[in-house]
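Let's take a walk through this protein chain together, one helix at a time. Have a look at the sequence and the model first, and then we'll get going.

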Amino acid sequence: MEYENIIQQIIEFLGTFAFAISGIRHAAAKHFDWFGGYVCGIAVAIGGGTIRDVMLGVTPFWMTNPFYMICTALALIFVIIFTKHMEGLRNTWFVFDTLGLALFTIAGIQKSLLFGQPYWVAIIMGCITGSAGGVIRDILLNNVPVIFHKEIYAMAAVLGGITYWLLDILMVPIEATVIASFMVTCLIRFLAVRYHLSLPTLKDE
């Protein structure tokens, strides 16, 4: 159990940095100041995990460890330093957002399981952890949340969670399960954007 806790913490730290860069980049595109960029980075980095922890009835993860705030500050410095290369790194920001989605999905699943939740709840929590921060960011930026767009986003997290569940049923080692779930989430997201794959849209009368 201690080993799984360590893996979860590493995943959350990596996901925080990846998502914070994504949020700050979106703020930069809207010409926010440094504080506004930090707020957007924080919103993405801790928003989904905060909602998850409140629903699980535990203290939000960022309130017990200042690393997440520091990590977001480092992400802000990273973006500021490389601001001249933003245009050339446009695809890189998409990659960071996708990595954050996959990493936080796994973190949400693992934390839910640690608190005794069934897998169907853990998968939902993983999706919330991975995508809710982006919703908060988009609201702050006055954009339509990405999960409501035609492109596949939250569904990639759900399918990554289902992969985690199936491999756990087959008693695959935790390391391989995490890697496979991560790869499935990222691959679905990359393929959806590359080939313009999407779910059917609702149509009015």
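Where in α2 is the kink centred? Follow the helix along until you reach I46: the kink of about 40° is centred there. Keep in mind throughout that you are looking at a predicted model.

Let's stay with α2 for a moment. The helix covers residues 34-56, which makes 23 residues, and at 1.5 Å a residue they should span 33 Å. The C-alpha atoms at its two ends are 33 Å apart, so the expected and actual spans agree. Now look at how the helix begins. D33 caps the N-terminal end, with a side-chain oxygen 3.2 Å from the backbone nitrogen of F35. At the other side, just after α2, comes G57, and this residue takes a positive phi of about 75°.

Next, hop over to α5, which runs through residues 119-140. You can run the length check again here: 22 residues at 1.5 Å each should give 32 Å, and the end C-alpha atoms are indeed 32 Å apart. This helix has a kink too, of about 35°, centred on S131. Much of α5 is tucked away, with 17 of its 22 residues buried. T129 is a good example, as its relative accessibility is 1% and it therefore counts as buried. What does the side chain of T129 reach? The backbone oxygen of M125, at 2.6 Å. As a bit of background, an α-helix has 3.6 residues a turn, so residues three or four places apart point the same way. Once you are past the end of α5, you meet N142, with a positive phi of about 60°.

Now for the charged side chains. The structure holds 4 salt bridges. In one of them, D53 and K111 meet, 3.2 Å from N to O. That pair links distant parts of the chain, since D53 sits in α2 while K111 belongs to α4 (residues 90-114), 58 residues apart. Are these two partners buried or exposed? D53 has a relative accessible area of 0%, so it is buried, and K111 is buried as well, at 12%.

Another salt bridge brings D97 and R137 together, at 3.6 Å from N to O. Because D97 lies in α4 and R137 in α5, this pair ties together parts that are 40 residues apart in sequence. D97 is buried, with a relative accessible area of 7%, and R137 counts as buried at 3%. R137 also forms a salt bridge with D138, where the closest N and O atoms are 3.0 Å apart. Both D138 and R137 are buried. Back at D53, salt bridges with shared partners join R52, D53 and K111 into one network.

One more buried charged residue is worth a glance: R25, in helix α1 (residues 2-29), has a relative accessible area of 13% and so is buried.

Finally, turn to the outside. M155, L159, I162, W165, L166, I169, L170 and L199 form a nonpolar patch on the surface, and together they have about 700 Å² of accessible area. Pick out L170, which is found in the loop between α6 (154-169) and α7 (174-194). With 62% relative accessibility, L170 counts as exposed, because the cut-off for that is over 50%.

Methods: Residues numbered from 1 in each chain as written. Predicted model: local features only at pLDDT ≥ 70, side-chain atom pairs only at ≥ 80, totals over all residues. Heavy atoms only, no water. Patch = residues over 30% accessible without salt bridge, like charges linked within 9 Å, V, L, I, M, F, W, Y side chains within 5 Å. Areas by Shrake-Rupley, 256 points an atom, 1.4 Å probe, with all protein chains shown as cover. Helix = DSSP H or I, 4+ residues; strand = E, 2+ residues; numbered from the N terminus. Buried < 20%, exposed > 50% of the residue type's maximum accessible area, 1.4 Å probe, protein only. Expected span 1.5 Å × (residues − 1). Bend = angle between axes of the 7 residues up to and from the residue. Polar contact = N/O pair within 3.5 Å; in protein donor to acceptor, adjacent residues only side chain to side chain.
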